[in-house]
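Biologist: I'd like to get to know this protein a bit better. Can you walk me through it while we both look at it?

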Amino acid sequence: MKLPLFHLYGDPPDPRAFNFVHAETIASPCLLHDWIISVHRHANLLQILVIEQGSGEIQYEVSTAVFSAPAIIVVPPTVAHGFRFQSGTGGWVVTFTEDVARTFGEPLGDTIAAVKRLTIDPVISIGDIEKIARVSELCSYLNEERFLAREGFSIAMKSYLALIAIEVRRLVKSPALSAASHDDEVIDRLSNLIESNFRSHRALNFYAGKLAMSSDRLNKHVKRLTGMTVGQLIRQRVLTEAKRQLAFSNQLISEIAYDLAYADPSHFVRCFRRDAGVTPRAFREKADRLT
């Protein structure tokens with residue numbers, strides 16, 4: 001199984017997508033695909049799904065989770081995800097490129113960045129349908145601006161997006177978000193650097209140099225905000241990529257090892273077993289049963 005990369009679902013990828021905001025009902029793509037959205041990725045799009053009614057199952061990388069209304073689902077760029085919706089599930093999908101957040105400046109840009117950090121567990125149960133009604137209303141206004149394209153619609157769409165992000169953050173009330181500081185830009189920049197370099201650069205001093213910080217200062221900063229060291233974040237990203245390739249490709253385990261810059265396949269197997277708790281072969285067999 002090859003993992004598709006799309007712009008919007010079913011559309012060819014657009015690596016140059018910039019300043020992009022989009023909203024549509026969940027039913028809009030689902031009616032075309034029998035309520036099943038196959039596992040795929042987006043290179044540079046962040047999505048917020050607002051589940052007003054119904055239920056379903058999300059595949060998130062190689063894990064699955066069930067959800068039921070009312071709920072919010074946040075899917076960041078590059079993450080493998082797919083859905084099996086109950087027929088008739090209602091709600092909204094808001095999609096945007098990350099650069100849009102930067103156009104808001106502070107503090108709204110921080111709010112959208114904070115929403116992105118909710119995605120360790122993508123499904124956020126709300127518990128009260130009335131609490132999600134405000135988000136749904138804002139999504140409908142955003143979609144109306146997109147559809148009618150009236151004068152000033154681009155500014156209006158970004159403003160509604162900001163309000164949606166604020167409402168989602170208020171609904172979640174995560175302690176982790178409360179602990180976030182103005183230095184979170186460092187985490188975002190580090191995440192982008194890891195995404196671009198994890199195959200070839202795994203040493204702390206490489207990332208510290210790119211961020212113009214000492215290795216010790218960067219590690220302490222990252223540990224304070226994420227609970228992990230830089231090395232652990234890098235290992236986590238490498239492990240995620242290894243799991244993707246095992247689950248969604250037919251590559252030999254030895255090919256995956258060399259693609260991820262391990263010295264040899266045996267080293268890859270040892271590291272994977274240490275971090276995942278199973279061998280690559282056992283993980284692939286389990287993933288085959290899921291997909």
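**A pocket and some charged pairs**

Modeller: Sure, and keep in mind that this is a predicted model. By class, the second largest pocket is lined by 11 nonpolar, six polar and two charged residues.

Biologist: Which residues lie nearest the centre of the second largest pocket?

Modeller: The pocket has a volume of about 290 Å³, and its lining is made up of 19 residues. Helix 1 (27-30), strand 3 (36-42), strand 4 (45-53) and strand 8 (81-85) each give two or more residues to that lining. Nearest the centre you'll find Tyr9, Glu24, Pro29, Ile37 and Gln47.

Biologist: Okay, on to charges. How far apart in sequence are the parts tied together by arginine 134 and glutamate 167?

Modeller: These two form a salt bridge, with their closest N and O atoms 3.6 Å apart. Arginine 134 sits in helix 4 (residues 129-148) and glutamate 167 in helix 5 (residues 153-172), so the pair ties together parts separated in sequence by 33 residues.

Biologist: Is glutamate 167 buried or exposed?

Modeller: Its partner, arginine 134, has 38% relative accessibility, so arginine 134 counts as partly exposed. Glutamate 167 has a relative accessible area of 13%, and the cut-off for buried is under 20%. Therefore glutamate 167 is buried.

Biologist: What about glutamate 145 and arginine 150: which of the two counts as partly exposed?

Modeller: Their side chains meet in a salt bridge at 2.8 Å, N to O. Glutamate 145 is at 11% relative accessibility, so glutamate 145 counts as buried. At 38%, the partly exposed one is arginine 150.

Biologist: Which helix holds both glutamate 241 and arginine 244?

Modeller: Their side chains meet in a salt bridge too (3.5 Å, N to O). Glutamate 241 is buried at 9% relative accessible area, and arginine 244 is buried at 5%. They're three residues apart, about one turn of the helix, and both lie in helix 10 (residues 230-248).

Biologist: Which residues are linked with Glu241 and Arg244 in a network of salt bridges?

Modeller: The structure holds 13 salt bridges. Besides Glu241 and Arg244, the network links Glu61, Glu195, Arg199, Arg237 and Asp259.

Biologist: Last one: how far does the backbone oxygen of glutamine 245 lie from a polar atom of the side chain of arginine 284?

Modeller: Arginine 284 is found in helix 13 (residues 280-290) and counts as buried at 16% relative accessibility. Arginine 284 touches several residues, including Gln245, Leu246 and Ser249. From the backbone oxygen of glutamine 245 to that side-chain polar atom of arginine 284, the distance is 3.4 Å.

Key:
Residues are numbered from 1 along each chain as its sequence is written. This is a predicted model: local features need pLDDT of at least 70, side-chain atom pairs count only at pLDDT 80 or more; totals for chains, interfaces and linings use all residues. Side-chain values use heavy atoms; hydrogens and water are left out. On a 1 Å grid over the protein atoms alone, a cavity is a set of points where a 1.4 Å probe fits but cannot get out, and a pocket is an open set with protein on both sides within 12 Å along at least five of seven lines; lining residues have an atom within 4 Å of a point. Grid points are joined across faces, edges and corners, and a volume is the space filled by probe spheres set on the points. Helices (H or I, at least four residues) and strands (E, at least two) are DSSP runs, numbered from the N terminus. Ala, Val, Leu, Ile, Met, Phe, Trp, Tyr, Cys and Pro count as nonpolar, Asp, Glu, Lys and Arg as charged, and the others, Gly among them, as polar. Buried means under 20% relative accessible area, exposed over 50%, partly exposed in between (1.4 Å probe, protein chains only). A polar contact is a pair of N or O atoms within 3.5 Å; within protein, one must be able to donate a hydrogen and the other to accept it, and residues adjacent in sequence count only if both atoms are side-chain atoms. Contact means heavy atoms within 4.5 Å. A salt bridge is a side-chain nitrogen of Lys or Arg within 4 Å of a carboxyl oxygen of Asp or Glu. Lists of a residue's contacts leave out its neighbours within four places in sequence.
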